[in-house]
Amino acid sequence: MSITFDPKEVIWAQKYRPKKLEDVILPERIKAEFRDAVENGSAQHLILSGPAGTGKTTSAFAISNELGASTLFINASLETSIEVIRTRVLEFSTTVSAFGRSGRKIVILDEFESMGHLAQNAIIVTGKQIGRASCRERV
């Protein structure tokens with residue numbers, strides 16, 4: 001059995017999700033902080049927390065879109081293993097992307113608290129390794 005994707009049958013919430021920060025409904029002070037992070041290029045290693053439906057994932061996608069970044073989205077409540085970090089995240093983060101306007105890459109781990117402690121620690125270590133490697137490449 002194969003599953004096919006028909007772009008005409010996208011979930012309504014995904015289809016109409018705001019693409020820009022200015023369209024996301026957030027308190028103005030939070031929106032201003034996100035806007036500053038995008039404009040200053042300091043939108044790195046963000047942790048967004050709060051109740052369901054408050055715009056965390058939408059904000060993350062909007063930031064990624066405004067930065068022109070390639071995005072890897074993982075629903076961590078469905079993909080909880082350390083192998084996800086070792087394979088998908090590391091592979092995505094360390095390869096050159098043909099997509100994305102800026103060469104930046106953003107990994108969105110939705111519901112990250114659902115991942116086991118080993119996977120959570122692995123993402124921290126992976127982020128540090130990738131950060132050091134990209135700093136060395138820029139020098």
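Is Glu-111 buried, exposed or partly exposed? Let's work through this and a few more exercises on the structure above, which is a predicted model.

**Exercise 1. Place Glu-111 and describe its surroundings and backbone.**

Step 1: Find the residue along the chain. Glu-111 sits in the loop that links β2 (105-110) to α5 (117-138).

Step 2: Check its accessibility. Glu-111 counts as partly exposed, because its relative accessibility is 35%.

Step 3: Look at the backbone. Glu-111 has a phi near 60°, a positive value in a residue other than glycine. As background, most residues other than glycine have a negative phi.

**Exercise 2. Sketch the order of helices and strands in the protein chain.**

Step 1: Count the elements. There are 5 helices and 2 strands in the protein chain.

Step 2: Put them in order. Starting at the N terminus, the pattern reads α-α-α-β-α-β-α.

Step 3: Add the burial of the chain as a whole. The protein chain has 139 residues, and 28% of them count as buried.

**Exercise 3. Find the salt bridges and say how accessible their partners are.**

Step 1: Start with the total. The structure holds 3 salt bridges. In general terms, side chains of opposite charge can pair when their charged atoms come close.

Step 2: Take Lys-20 and Glu-22. Their side chains meet in a salt bridge with an N to O distance of 3.8 Å. Lys-20 is partly exposed at 38% relative accessibility, whereas Glu-22 is exposed, with a relative accessible area of 55%.

Step 3: Move on to Glu-28 and Arg-35. The salt bridge between these side chains spans 2.6 Å, N to O. Arg-35 counts as partly exposed, with 27% relative accessibility.

Step 4: Finish with Arg-88 and Glu-79. The closest N and O atoms of this salt bridge are 2.5 Å apart. Arg-88 is partly exposed, with a relative accessible area of 34%, and Glu-79 is partly exposed too, at 27% relative accessibility.

**Exercise 4. Explain how Lys-31 is placed, given that it has no salt bridge.**

Step 1: Locate the residue. Lys-31 belongs to helix α2, which covers residues 28-40.

Step 2: Search for a partner of opposite charge. Lys-31 is buried, and the nearest side chain of opposite charge, that of Glu-28, is 4.7 Å away. A salt bridge needs a side-chain nitrogen of Lys or Arg within 4 Å of a carboxyl oxygen of Asp or Glu.

Step 3: Look for another contact. The Lys-31 side chain reaches the backbone oxygen of Glu-22 at 3.3 Å.

**Exercise 5. Map the patch of negative charge on the surface.**

Step 1: List the members. Asp-23, Glu-33, Asp-36, Glu-39 and Glu-66 gather in this patch.

Step 2: Ask which element gives the most. Helix α2 does, with 3 residues.

Step 3: Place Glu-66. This residue lies in helix α3 (residues 56-67). Glu-66 is partly exposed because its relative accessible area is 32%.

**Exercise 6. Compare separation in sequence with separation in space for two pairs of residues.**

Step 1: Take Thr-57 and Phe-73. They are 16 residues apart in sequence, and their C-alpha atoms are 9.7 Å apart in space. Thr-57 is found in helix α3 and is buried, with a relative accessible area of 17%.

Step 2: Take Ser-81 and Gln-120. Along the chain they are 39 residues apart, while 9.4 Å separates their C-alpha atoms. Ser-81 is found in the loop between β1 (70-75) and α4 (82-94), and counts as partly exposed at 35% relative accessibility.

Conventions:
Residues are numbered from 1 along each chain as its sequence is written. This is a predicted model: local features need pLDDT of at least 70, side-chain atom pairs count only at pLDDT 80 or more; totals for chains, interfaces and linings use all residues. Side-chain values use heavy atoms; hydrogens and water are left out. Patches are made of residues with over 30% relative accessible area and no salt bridge: like charges are joined within 9 Å, nonpolar side chains (Val, Leu, Ile, Met, Phe, Trp, Tyr) within 5 Å. Accessible areas come from the Shrake-Rupley method with a 1.4 Å probe; for residues, only the protein chains shown count as cover. Lys and Arg count as positive and Asp and Glu as negative; His and the chain ends are not counted. The place of a charge is taken as NZ of Lys, CZ of Arg, CG of Asp or CD of Glu. Helices (H or I, at least four residues) and strands (E, at least two) are DSSP runs, numbered from the N terminus. Buried means under 20% relative accessible area, exposed over 50%, partly exposed in between (1.4 Å probe, protein chains only). A polar contact is a pair of N or O atoms within 3.5 Å; within protein, one must be able to donate a hydrogen and the other to accept it, and residues adjacent in sequence count only if both atoms are side-chain atoms.
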